[in-house]
Structures are given as structure tokens and as C-alpha cells.
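User: I'd like to go through this one with you and hear the reasoning behind the labels. Can you show me what we're looking at?

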Amino acid sequence: MSDVYVLGVDMIKFGRFPDRTVPNIGAEAALMALDDAGLTIKDMQAMYCGNLGQANAMVGQRILQEIGQTGIPVVNCANACATGATAFREAWMSIKAGIYDVVLAVGVEQMGKGLLGGAGGGDGIPKEGLLGSGTMPCVFAEAGMEHSKDHGTTFEQFAKISVKNHHHSTMNPKAMYQIETPLDVVMNAEMISYPNTKLMCSVNVDGSAAAVLVSEKKAKELGMGRAVRVKASALASDPFTDRDLVMPDVNACTRLAAEQAYEMAGVGPEDINLVELHDCFATAEMLHYENLGLCKDGDAGKMIDEGHVELGGKVPVNVSGGLLSKGHPLGATGIANIYEVCTHLRGEAGERQVEGARLGMTHVIGLGTACGIHILEKV
Amino acid sequence: MSEKSLPAVSYLKIPDKGDPYLEGHKCGKCGAVFLGERSVCSKCFSRDKISAIKLEETGVLHSFSVVYRSFPGIDVPYVSAIVDLDGGGTVKGNLINIEPDPEKIDFGMKVKLTYQDALGRKDKEGNSYLSYFFEPA
């Protein structure tokens, strides 16, 4: 089977674009990725499009209606917060399978503001605030509190993650925000769901990201100069765990996908130079240090306390600013984090460049549950 | 409109005689306990081994959050709790009769179920609902 390469990849600066349409926002990133690859829509043999909010509305085809209707097959994907990664992985699989040599993957979302989630729908009466809370800040707070219970992790340690990611975002012009948020500011921000304050919740933004994936044959033909090798692609659903159906288990699903990704890539966590992981809430990032094997179980608090996950540390995490500050347009996030890692592997990340980066990992997890992990390698 | 309160969720049972209780569905092969009816076990995949059981009234607090912001119209703060029931089954609900202060809530604390009106919430037809809550045991 052919190795698969990212030849072009880009994202728009995340923000709020209420006057634009979803396809229009997606089209912008698609064109940027094509330009980055030095190709045109005429060169694409298929398109995989990730979007959640309009999952039944043919977003991929509507993007082509804005940038070029060539008649190629289009698949629209929805997989919660793993939507973008799923579209990317479908594109990767189509090349792995030998069906295509040049494929476009796009992720796009228009979000609006406000709380996501909510307990129980359906008949009868609203369940939110009656049977606990199904809001995302609460669900991920409960997951974080499980870590506090087992390992004594503190509110302050969770808050430090937000300080770090906001700091990183000051070096990323494509992030929604570029604002320093000192520890006292994070901890004294409005408490949403303990221990997640408002600054420890990801930012709902509009955004898009896209990638052009090619076969090895095509990469050699077009020039490998800035190509990035997709060393592993893994996607897992939630394996049965005792509480999973009541309390979504983001840990087991991530561990399963991580194990598969490391095995496919033939590398271990110690080989990874940077990670873009799913910090939808500060509590979530803490869990994934361990889930991705970046440290031993129980040592996640030390990872943040000792600076190992900061730019310049042993394994910088979310140097883009992460979902906490770069923003989290659900369907775009999985490709936006691939853009970030590729940018470092290409040595083009400017002020926030992870020096000497050779291997990077991206991770997203959508409740329900889907976890997508990619390992990318400098060529 | 029903004269009696209706159950807020399908797994809350209100018998004609006797007290309300939570119903679980237990796999006869592997022992996994689920909320809601099903015929296949998602843990061990066996079919037609699931039977209804009455869940125990007591359990321990596994995890929680204190919710300070919810959707408009929802009273805050409140404690959203994940409880492992004695005898199997995990249930999520509000933990009441305790100060909603993270410092004052202990992991592993013993809690028990209590059944009360669903915070005055009514459906479109004006029906009242009975719900379940946890309180310190």
C-alpha cells in the first residue's frame, strides 16, 4: 500500500462570520489548501467534507458549487467533534485503498454562541438541571473530577492548562484570540461548571480547514519539498466500559485509538515532538496527557506543573492555542490541528515553532463517542 | 391530563401499589447493568439474556460537578452527580440536600435515592412528573 502525504493544507483565521454561509466558509479553506499544494480543483479525484451543523445539507457539494463542479464523488461526514478528522481519514483511506491519487478533505463549521449539550431530549419535560447536567462544560468537568478523585488533581492545575494554551495563542495569528490570561484571571473568571471556568471552556467560533492528500506516486511526481507523511490514522468508537452510557468515557476511546496509531506508526509517545489534542475544556486536556501516553497515569498534573507541555518543554501540547483559544469550530477542528502539526513539521510556524519537530500527533474526540488520531512525519 | 404524576424517565417505575423505584436491565451472562430496555448486551454481545431488575436505593458518589451556568430558566447552582449504585448500575442525577460547594462534597460519599416532583416542570398537556434525586445517606 502507498504511503499517503499531505501536499497542501491550510486553515482560515477562526472568527465569527454570521453573514457568510457554511459552504462559503469551507470554500475559502479549500482554495487555500489547493493553492498550498500548487494544484486546482480540476486535479482532485474525490472530496471528503466534514460538517456537523448541516450534516444533512450536502455541504461538500455546495462547496464545489462555489469553487468548481467537476463531478467528482463527494462524501459528507458527521462524527461529532471528530468530524474533521473523520473526513481526513476517509480521504486517507481512499488513497491507501489505491482508488485515488489526489483527494481533497475539508472541515467547516459555523457555530453561533452559547452552551452546547444538555441532558436528555425527547418526550415529556426538559431533563437539564433535573437529572444532572448534560452541558458539555459539566460533562467534561465530571470527567476531570474523576481524575481529581483518583490523583488529587487540583482546580489550579486544570486552570494552568488554560493559561498555557492562551499564552501559545498569542503567537498564532490564525487563533480566534491572542490574549494572555494569567492564572488568577483564569481562576476568577465566571465559574461555568466546577472546575471549568469560562476561560477553561473552548471558544465557539466559525472556521474551516482543508488538506490535499496524495499518494506516494503523486507526491514524487509533484515534488516532495513540503509534503508531510501520514504515518498513522486511527479512529475508534467507545469500547464498553461500566459507566460509559451514563458518563461518556473519553479515556477508553482515546487510549484505544492511541494504541492503534502508535502501532501503525511504529513509534512510541517518547518519539512525538508535538501534540495538538482535544482541549475542548481544560479538564479534558489533563486526561489526554495520560490517555496519549505522554506521561504515566497519575502524572498529568506534573506535566503542567513542570512545564513539559509548554512550548520549549519536552512535548509541547497545543502550541496553536488549542480549542481553548484558537477556537473550536467542530467540523473544522480535526483538520485545523493537522494544519498546525504540518506547519511545524515544515518549519513554517514562526514564533511558535517547535524546533526540530519531526513527528507530531493530532487528537480529537467527539462525544457519543468517536476518537480520531493522526501521526504525521516530516519527510 | 393524567391525575397521577408521570415518570420523568422510562427507567423510573411508579407501581400502582408500593414505592417508586429505578429499573435496570441486567445481562444474565456478564452482569452488566443498563438503564432502559434492551435485548442485546453491549458488553458481552449475548442476546436475550437481559432481564429487568429493581436497582438498589443506595450508592456512592463517583464524580460530580457543581453547575453554575446552565440553559436559561434552569436554577443554578446545583450538583450534577454520577452515582454507582450498590448492587450495580451507574445513574446520573442531581445531588440535593447538600451545599453546592465543591469543598463540601466528598468523592465516595454514601448517597441514597429520593423521589420527588420534577421541580414543578410540566409537559404541554399540563401533566406533572415524578423524578429521582440523590441525597446524602
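Analyst: Here is how some of the labels come about, bearing in mind that this is a predicted model.

User: Why is the packing of α4(A) and α9(A) called oblique?

Analyst: Helix α4 (residues 136–151) of chain A meets helix α9 (residues 282–291) of chain A at an angle of about 45°, and their axes are 8 Å apart. Angles under 35 degrees would count as roughly parallel, and roughly perpendicular covers 65 to 115. The angle of about 45° fits neither range, so α4(A) is oblique to α9(A).

User: Is that crossing left-handed or right-handed?

Analyst: The crossing of α4(A) and α9(A) is left-handed.

User: Which residues make the contact?

Analyst: From α4(A) you have Phe140(A), Ala141(A), Ala143(A), Gly144(A) and His147(A). On the α9(A) side they are Thr283(A), Ala284(A), Met286(A) and Leu287(A). Sorted by type, the contact has six nonpolar residues, three polar and no charged.

User: Now the sheet. What makes β3 and β9 of chain A edge strands?

Analyst: The sheet is open and has nine strands, in the order β3-β2-β4-β7-β1-β8-β11-β10-β9 (chain A), with mixed pairing. β3 (74–77) and β9 (274–276) of chain A each pair on one side only, and that is what makes them edge strands. From one strand to the next, the twist averages 25°.

User: How do you know that β2(A) and β4(A) pair?

Analyst: At least two bridges are needed for two strands to count as paired. Strand β2 (residues 46–50) of chain A and strand β4 (residues 102–109) of chain A have five bridges, in the parallel sense, so they pass that cut-off. For one bridge you can look up, take Met47(A), whose partner in β4(A) is Leu104(A).

User: Which strands does α2 of chain A lie across?

Analyst: Helix α2 (residues 59–67) of chain A lies across β2, β3 and β4 of chain A, and runs at about 130° to β3(A). Roughly antiparallel needs over 145 degrees, and roughly perpendicular stops at 115. By those cut-offs, about 130° to β3(A) is an oblique angle.

User: Last one: which element gives the most to the side of chain A that touches chain B?

Analyst: That's α4(A), with six residues. The contact as a whole takes 30 residues from chain A and 36 residues from chain B. By type, the chain A side divides into 15 nonpolar, seven polar and eight charged.

Methods: Residues numbered from 1 in each chain as written. Chains lettered and ligands numbered in written order. Predicted model: local features only at pLDDT ≥ 70, side-chain atom pairs only at ≥ 80, totals over all residues. Axes fitted to C-alpha atoms, helices over the stretch in contact; angles between N-to-C directions. Helix = DSSP H or I, 4+ residues; strand = E, 2+ residues; numbered from the N terminus. Left-handed = near helix turned anticlockwise from the far one by under 90°. Contact = placed C-beta atoms within 7 Å. Nonpolar A, V, L, I, M, F, W, Y, C, P; charged D, E, K, R; others polar.
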